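I opened the notebook today to look at how parts of this structure sit against each other. I took a pair of domains to begin with and a pair of helices afterwards.

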Amino acid sequence: MDIIVPGHGSGGKMMNDLINNTIKSILGSDTIQIDDSAILTVPVHSIAFTTDSYTITPIEFSGGTIGSLAVNGTVNDLAVMGAVPRFISCALILEEGLPIETLKRILISMKEAALKAGVAIVTGDTKIVPKGKGDCIYINTAGIGTVENSVQRRPIVSGDSIIINGTIGDHGTAIMALRNNLSFSKGLSSDCAALNHLIQDIIKHFPDAIKFMRDATRGGVASILNEITKGASFGAKLFEEALPIRDEVKGVSEILGIDPLYSANEGKVVIVADSTYANDIVAIMKKHPEGADAAVIGTITHEFPGKAYMQTTIGGNRILPVLIEEQLPRIC
Amino acid sequence: MDIKKEAVLLSQYTLQTPVAIMEVCGTHTTEFFRTGVKDIFPQGLRLIDGPGCPVCVTSNDYLDTAIAIGWQYHCIIATFGDMMKVPSSYSSLSKEKSKGLSVEVVYSPMDAVQLAVDNPDKKIVFLSIGFETTAPAEAVCVLEAKKRNIKNFFILPGNKLTVPAVKVLLDSGEVNIDGFILPGHVSAIIGKKAWDFIATDYGKPAVVAGFEDHDLIRGTLLLLNLITHANPSVVNEYTRVVRDDGNPKALEILYSVFKKGDASWRGIGTIPESGLLLNDDYASFDALQQFTPDVPPPKEHPGCRCGELLRGVIIPTDCPLFGKACNPEHAIGPCMVSSEGPCSAYYKYGRK
């Protein structure tokens, strides 16, 4: 079996072969510019620029790989600002011993994700670290998007609607179940997906309706609501009955004592929008595969300013506090 | 009846005098908040948290011993995630892990047995903490380890029984409790009848309740009716899970491996016959008998009031450390870090 060895980082023939025959040939011979930097032409004044590093165990999971995660995560960071994602870089840190076949699968999933999102992978880097100094593979990406509409940030006011494009907590719950070999985790899958087409479609129809949007990754939906309400004169109220959460996610979360509202998503955007357009935005989301389970899940209120909270099924309120640290599974 | 209608009944319930009820179980503590049921309590109804969080009632010397065994005998400590951040006298498992102690979080005791199989050259010490609910599963593991002749699996016995603790609270008369919400999962094992003494011996009503919003609402309504009509009986709301006699098979397995013995409870002290110790037949799995670590003398944080909290004397917000010196990032007492701990629940959900 071919594996990554220190020679792949030597700067010599082995490294060039790896880059040309494996990495570049999969990620895009037509788009990757092998030089010190890629030269890009953009038709606008403003660009959005972002970077992110990806570390995840396991590197392959139901619904994606670290590769698709890296592309979709970067695309989504650009898209939620209202930008159109165009270019991505890909820096790989590979641990000695990683099977080349595994690397290929990850690169292929990256390429597929890039094609689907309509972004070009234009430059990259490869480093090898000794066995034990890395966790199979780390990926750093930077992304450039063109700002073709106004940036989607407007003052939030009481009465605005809180919208999400689908089920909550899928990615985090699936990964936690996988990491711990939970035998009862069948049916769980990451929601890893690019959201730029869905978001662009909303902006096209309602250029001024969106007040705020963010992809609900680490910390989940509750953490985003805490960010936007921090120090604000309004609060964010969710309706428990309206939350789209899969039964499998509910079940595993209940057993582990974790809350799906704090679990990571990798294909979900939380949008705060003028309530006049809320149902229309949901209707547009539903036309996209990533928006099939879209719903209005809450509202901005004057009750409990500065707090995120939830009206439970039976009509009581409970605070959704700021997450202190990682959620840990409980005893029984 | 529709759950929302029952919610309205509860929120509009008229109490002639203030009423204090105790939820014994830590999961109830959290669920009363999480479901919003506590938020719709009628005026005059007060919920007192009881001694039902297994992590919280575990005294400091237990964790001190676990840490000492881990280091001094080069063992892997296998534990439920809840225990990781609980302060010991001088440290915590989480802190010791950063210093290099082998600590593995497991989801079921059987994972710890598997850990022993997968690491034949290492000794695995499982921290056996919990009440009647989890103890049968732990007994099964010991049986399994014996059957498979696994020599490197040990448990540090810390399981406790809920009934003796409730008796101690009632005997002390320290707190005026008008009625009890009793733990559903524990009762599934020991049976509803195990609680009848609350009515017959102490003249108080109690309701065995499940953990979903409708259980909490229905259970609280049932209890308020019993209190209002001065009807001291023990009623089972959680009939879909709890039988009068519990689960005799589980109890049989439990007592084939464990025997009752004294146990030390945080805040309450030693309660006779309230702990589960390994039977002599299984002494070879008992970490306390197989290892003789040098354990430093236990100490409590001087300001920590977890003990009074677990006796129902105070609620979390009565403690001067709550939310200030003691918070989830820097917990001084276990009630702030366990997911079933009252302080954790108040900190997370109770501050509006």
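The domain bounds I use here come from an automatic or database domain assignment. On that footing, and bearing in mind that this is a predicted model, I noted that chain A is divided into domain 1, residues 6-146, and domain 2, residues 161-319.

I then looked up the spacing of the two domains, and found that the centres of domain 1 of chain A and domain 2 of chain A, taken over C-alpha atoms, are separated by 28 Å. To the contact between them, domain 1 of chain A brings 22 residues and domain 2 of chain A brings 23 residues.

Which elements supply the side of domain 1 of chain A that touches domain 2 of chain A? I found at least two residues each from α2 (66-79), β4 (84-95) and α3 (100-117) of chain A, and the most from α2(A), which gives eight residues. Sorted by class, this side of domain 1 of chain A has eleven nonpolar, nine polar and two charged residues.

Next I turned to chain B, where the axes of helix α2 (residues 26-34) and helix α15 (residues 342-349) come within 9 Å and cross at roughly 10 degrees. Angles under 35 degrees count as roughly parallel, and α2(B) and α15(B) are therefore roughly parallel to each other. I listed the residues that make the contact as Thr29(B), Thr30(B), Phe33(B) and Arg34(B) on α2(B), with Pro342(B), Ala345(B) and Tyr349(B) on α15(B). By class, the residues of this contact of α2(B) with α15(B) are four nonpolar, two polar and one charged.

Conventions:
Residues are numbered from 1 along each chain as its sequence is written. Chains are lettered from A and ligands numbered from 1 in the order in which they are written. This is a predicted model: local features need pLDDT of at least 70, side-chain atom pairs count only at pLDDT 80 or more; totals for chains, interfaces and linings use all residues. Axes are lines fitted to C-alpha atoms, for helices over the stretch in contact, and angles run from 0 to 180 degrees between N-to-C directions. Helices (H or I, at least four residues) and strands (E, at least two) are DSSP runs, numbered from the N terminus. Angles under 35 degrees count as roughly parallel, over 145 as roughly antiparallel, 65 to 115 as roughly perpendicular and the rest as oblique. Two residues are in contact if their C-beta atoms, placed from the backbone, lie within 7 Å. Ala, Val, Leu, Ile, Met, Phe, Trp, Tyr, Cys and Pro count as nonpolar, Asp, Glu, Lys and Arg as charged, and the others, Gly among them, as polar.
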